[in-house]
Amino acid sequence: RTSGVLSIDTLWLWTLGLTAECLANVMMVLVCKHTRLEEAVYSVLPRQLDAQLTLLNLSGAFFDGAAVNLAKWHFEFHDPPLLLVFRAGFCSVWTSLAAVLEHSATLPPSLAITYLGGMMLAGLATNFLGRFCINKMLVPVLVAAKMLRHHREIIHVNLADTLWDDVLFYACVCIISASLGICKMGYIEYDASELAIGCLCVPLCFLFGEFVEGHHEWSGVQW
């Protein structure tokens, strides 16, 4: 489970980061193209704003809040520390503060300031909403199903002893492969070479982060 090149934690950082890159740039585009999701956003926000970017950042804050709550109060995963690498690998690629700033720079000044402030406040709100949903919706279900004995029980799970890490890994591989195929066949206006470059940037950025940090480990994760 640990090669001479990649630790299992680094492998999962890369895998979840690549999955987020494909979901954000391909699957989200497909969903918005074939549903009325963007129209729902524009029923609330001005049409000058980027609906997909807004959805990605707010949903990422929600996912992060849910993961924080699960990691702090209910589940501690090992080999890999799934919730930690989910936040570091998936959420960090799924969301983009840089894209929000870049998009804001194209807006009129008053709208840009409103959008930036609104995104920060909405991000905090959706993050707390993620925590609230775990506490008030998921945990009672797990307790009722006797997967948790009480609302503050922490379960330790070694994923190396289960099949779930393998299932999740191959699901991620399928998402990445399907995304490349969708781009290659021209279902969206996003070339496969552009997606490949984006996917290449993901491990390079993580490697640069590890180099800057000096390969220190915190809670079992190489940053």
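A disulfide, as the term is used here, is a pair of cysteine sulfur atoms within 2.5 Å. In chemical terms, it is a covalent bond between the sulfur atoms of two cysteines. The structure, which is a predicted model, holds zero disulfides. C174 takes part in none, and the nearest cysteine sulfur, that of C172, is 9.3 Å away. C174 counts as exposed because its relative accessibility is 52%. C201 has a cysteine sulfur at 5.8 Å, that of C205, but this is too far for a bond. With a relative accessible area of 37%, C201 is partly exposed.

Helix α5 comes next. It spans residues 97-104, and V100, H103 and S104 in it are buried. Viewed down the axis of α5, these buried residues fall within an arc of 100 degrees, so they line one face of the helix. The general geometry of helices is relevant here. An α-helix has 3.6 residues a turn, so residues three or four places apart point the same way. On the face of α5 turned away from the buried side are the exposed residues A98 and E102. The cover over the buried residues of α5 includes α3 (51-73) and α6. At the start of α5, a side-chain oxygen of S96 comes to within 3.0 Å of the backbone nitrogen of A99.

L116 shows the packing of α5 from the other side of the contact. This leucine is placed in helix α6, which covers residues 109-144. Leaving aside neighbours within four places in sequence, L116 is in contact with V100, L101 and S104. Of these, V100 and S104 are among the buried residues of α5. L116 itself is partly exposed, because its relative accessible area is 25% and buried means under 20%. Between the C-alpha atoms of L116 and C205 there are 25 Å in space, for 89 residues in sequence.

The loop between α3 and β1 holds H74. Which state, buried or exposed, does H74 have? H74 is buried, since its relative accessible area is 0%. Beyond its neighbours within four places in sequence, H74 is in contact with N69, I134, N135, V139, L148, H151, R152, E153, I154 and I155. One of these partners, R152, lies in the loop between α6 and β2 (155-158). R152 counts as partly exposed because its relative accessibility is 45%. With neighbours within four places set aside, R152 is in contact with W73, H74 and N135. N135 is thus listed for R152 and also for H74. In the case of L49, 103 residues from R152 along the chain, the C-alpha atoms of the two are separated by 41 Å.

After β1 (75-78), the chain enters the loop that leads to α4 (82-94), where P80 is found. D79 is found in that loop as well. A cis peptide bond joins D79 and P80, with omega at about 5 degrees. D79 also has a positive phi, about 50 degrees, although it is not a glycine. The relative accessible area of D79 is 35%, which means that D79 is partly exposed.

The elements on either side of that loop, β1 and α4, both reappear in the largest pocket. This pocket has a volume of about 520 Å³. Its lining consists of 21 residues, and L70, F77, L82, L83 and L168 lie nearest its centre. The elements that give two or more residues to the lining are α1 (8-34), α3, β1, α4 and α7 (164-184). Which element gives the largest share of the lining? Helix α7 does, with five residues.

Helix α7 also contains S179. S179 is buried, because its relative accessible area is 0%. Apart from neighbours within four places in sequence, S179 is in contact with C22, V26, M27 and L195. Three of these partners, C22, V26 and M27, carry numbers within the range of α1, 8-34.

How values were computed: Residues numbered from 1 in each chain as written. Predicted model: local features only at pLDDT ≥ 70, side-chain atom pairs only at ≥ 80, totals over all residues. Heavy atoms only, no water. Helix = DSSP H or I, 4+ residues; strand = E, 2+ residues; numbered from the N terminus. Buried < 20%, exposed > 50% of the residue type's maximum accessible area, 1.4 Å probe, protein only. Contact = heavy atoms within 4.5 Å. Arc of directions from axis to C-beta. Polar contact = N/O pair within 3.5 Å; in protein donor to acceptor, adjacent residues only side chain to side chain. 1 Å grid on protein atoms, 1.4 Å probe; cavity = no way out; pocket = protein on both sides within 12 Å on 5 of 7 lines; lining within 4 Å. Points joined across faces, edges and corners; volume = space filled by probe spheres on them.
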